[in-house]
Amino acid sequence: MRSASTIVIGTGIIGIATAYYLAKNHGQTRITLIDRDQPMAFTSAQSGENYRNWWPQPAMVAFTNRSTDLLEKIARDSGNRINMNRRGYALATRETNTDELVAQLHDGLGESAEKLLRYHSESRSDTYAPFDSSDWEGVPDGVDIVQNQALIRDRFPGYDPEIRTIIHIRRGGDISGQQLGMYMLDYLKSVGVKRVVGEVRNITQQDGFRVEIANSSGTETLAADQLVNAAGPFADKIAKMMGVDLPVYNTFQQKIAFEDRKGAIPRTMPFSIDLDGQKIDWSDEERDMLRNEPEFAWLAGMMPGAIHCRPDGGDAGKWVKLGWAYNETRAKATWEQQLDENFPDIVLRGAARLNPALKAYYGQLPRNMHHYGGWYTMTEENWPLIGQMGPEGAFMNCAMSGFGTMAACAAGELCAATIAGAECPDYAPGLSLARYDDAALMAALRAANKGVL
Ligand SMILES: Cc1cc2nc3c(=O)[nH]c(=O)nc-3n(C[C@H](O)[C@H](O)[C@H](O)COP(=O)(O)OP(=O)(O)OC[C@H]3O[C@@H](n4cnc5c(N)ncnc54)[C@H](O)[C@@H]3O)c2cc1C
């Protein structure tokens, strides 16, 4: 019997991963991938490409752990084509009371927390070695909680000397998301999966699904038994074409990357997050000017925490990436980037609080600095939507917020298993639309920290 045919809308990392696991795990290779553009060209091209298993809820810990297992398998099978490293996430704060964060770690890790949380309060701690970690196979799982300032100064000499606690999430780091996509596409090509360029304009149901697309050669209708909505920021638009309202919204987030010619950031530094809110380091004159402009006054006041910085391009590289997902304004997704020309200065000054050596770039960011951004497509509770969507044979894999690169493998695997009617992991119902019927789960999620990065 011929296997069912499938149209996947979207060749970002999520659509590609769904097709990859549908073909690889379930032998369903009659797949057509549709996108208006080249693969990995939209949100997936803008990713910071970081991964972690740090979440306040066990289901998301299990989901991202599974994704990391699958990333590791691909790294091993491909001679690490995806440039996976394991430098971890270093969460830095000037606070000594970390009860709330530690409670969150306990919530996420459950019974394993006792085993996985390691405390370092002595100035000499031979057990805490953050920098031997480009070899991802050798790094311990779990979390190192460092509260000795001498030890912090020794291991992170570039950080603000006021930092009193580091929470170092060890199962984390970065990968090349583009290479991950290309690795999967190579496989899909080898098993005969087709790719069509065109913008989806309409979907009708008639013996399965008929998808009308428009491209430079005109319009065309493609048919399939099954359909996957992996349209990223436009997933709600695709769902509407099938009469389904998805509970998602979009916020635009930005990053900068530049060549660190002054060597401000050590090449071995983990993905470093300043957890503390701050007032940006403007001069008094600049702050007064901002205060007097209603449009900019917010920049003179308190800003949220979670500004982040990391070296990019490996030990021999020179670039650094800075990001700050402070924008909470919901907006209708557009194909064009909504860049704020002030963002580079804002993020640089914000990041210089944790990494004071970055001050050397005030007013002189290199000309080849790259300023970019994309949409975080998310649900209120910041969990993804993976599973059946509306009519039989229709599926969604979307709402990947700021974690779609790290989650792609597990999301693709889960969506593919759902399509094939195969056994699914325990976290499956919680990540599907079924969660909205679970009042207790929804109440817990709404009360919890959303973990937006
Ligand atoms: C600034 C920024 C930093 C980020 N950093 C990280 C990070 O460090 N780690 C991490 O894990 N994640 C990160 N993310 C999140 C991650 O990039 C996304 O979650 C992920 O790329 C989403 O992939 P996707 O395939 O769902 O969407 P997309 O990559 O947007 O793919 C959707 C595709 O659907 C196509 N499409 C949509 N509508 C139509 C239509 N009507 N017809 C035809 N084609 C259509 C689009 O052209 C697009 O190619 C970041 C995101 C941003 C914006």
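1. Let's start with the small sheet. Three strands, ordered β10-β11-β12, make an open sheet with antiparallel pairing (helices, H or I of at least four residues, and strands, E of at least two, are DSSP runs numbered from the N terminus; two strands pair if DSSP finds at least two bridges between them). β10 and β12 (218-224) sit at the edges with a single partner strand each, so one side of each has no neighbour in the sheet. From one strand to the next the twist averages 20 degrees (axes are lines fitted to C-alpha atoms, for helices over the stretch in contact, and angles run from 0 to 180 degrees between N-to-C directions).

2. A word on what you are looking at. This is a predicted model, where local features need pLDDT of at least 70 and side-chain atom pairs count only at pLDDT 80 or more, while totals for chains, interfaces and linings use all residues. Residue numbers run from 1 along each chain as its sequence is written.

3. Back to that sheet for one pair of strands. Seven bridges join β11 (residues 209-215) to β12 in the antiparallel sense. Look for asparagine 215, which stands opposite glycine 218 in β12.

4. Now the nine-stranded sheet. It is open, has mixed pairing, and follows the order β5-β6-β7-β4-β15-β18-β19-β14-β20. Its edge strands, β5 (117-120) and β20, each pair on one side only. The twist here averages 20 degrees from one strand to the next. At the β5 end, β5 and β6 (residues 143-146) run parallel, joined by four bridges, and tyrosine 119 stands opposite isoleucine 145 in β6.

5. Is helix α9 (residues 343-351) largely enclosed or not, and why? Eight of its nine residues are buried, so the rest of the structure largely encloses α9 (buried means 20 or more other C-beta atoms within 10 Å of a residue's own, exposed means 12 or fewer, and partly exposed is in between, with C-beta atoms placed from the backbone). Among the buried ones are Phe343, Ile346, Val347 and Leu348, and Arg349 is buried too. The buried residues of α9 pack against β14, β16 (278-279), β17, β18, β19 (319-323) and β20.

6. Compare alanine 306, in the loop between β17 (302-303) and β18 (307-312). Alanine 306 counts as partly exposed because it has 19 C-beta neighbours inside 10 Å. Its C-alpha atom is separated by 30 Å from that of leucine 414, 108 residues away along the chain.

7. The domains come next. The assignment, automatic or from a database, gives domain 1 (6-49 + 177-247 + 380-447) and domain 2 (89-172 + 250-378). Their C-alpha centres lie 31 Å apart. Contact (C-beta atoms, placed from the backbone, within 7 Å) involves 13 residues of domain 1 and 14 residues of domain 2. On the domain 1 side, six of the touching residues are nonpolar, seven polar and none charged (Ala, Val, Leu, Ile, Met, Phe, Trp, Tyr, Cys and Pro count as nonpolar, Asp, Glu, Lys and Arg as charged, and the others, Gly among them, as polar).

8. Where does the ligand lie? Both domains give residues to the shell around the ligand, so the ligand lies between domain 1 and domain 2. The shell has 42 residues, with Gly10, Gly12, Gly48, Gly232 and Gly404 the closest (a residue is near a molecule if its C-beta atom, placed from the backbone, lies within 6 Å of it). Elements giving two or more residues include α1 (13-26), β10 (199-205) and α10 (404-420). β20 gives the largest share, four residues. By type, the shell divides into 18 nonpolar, 18 polar and six charged residues.

Conventions: Contact = placed C-beta atoms within 7 Å.
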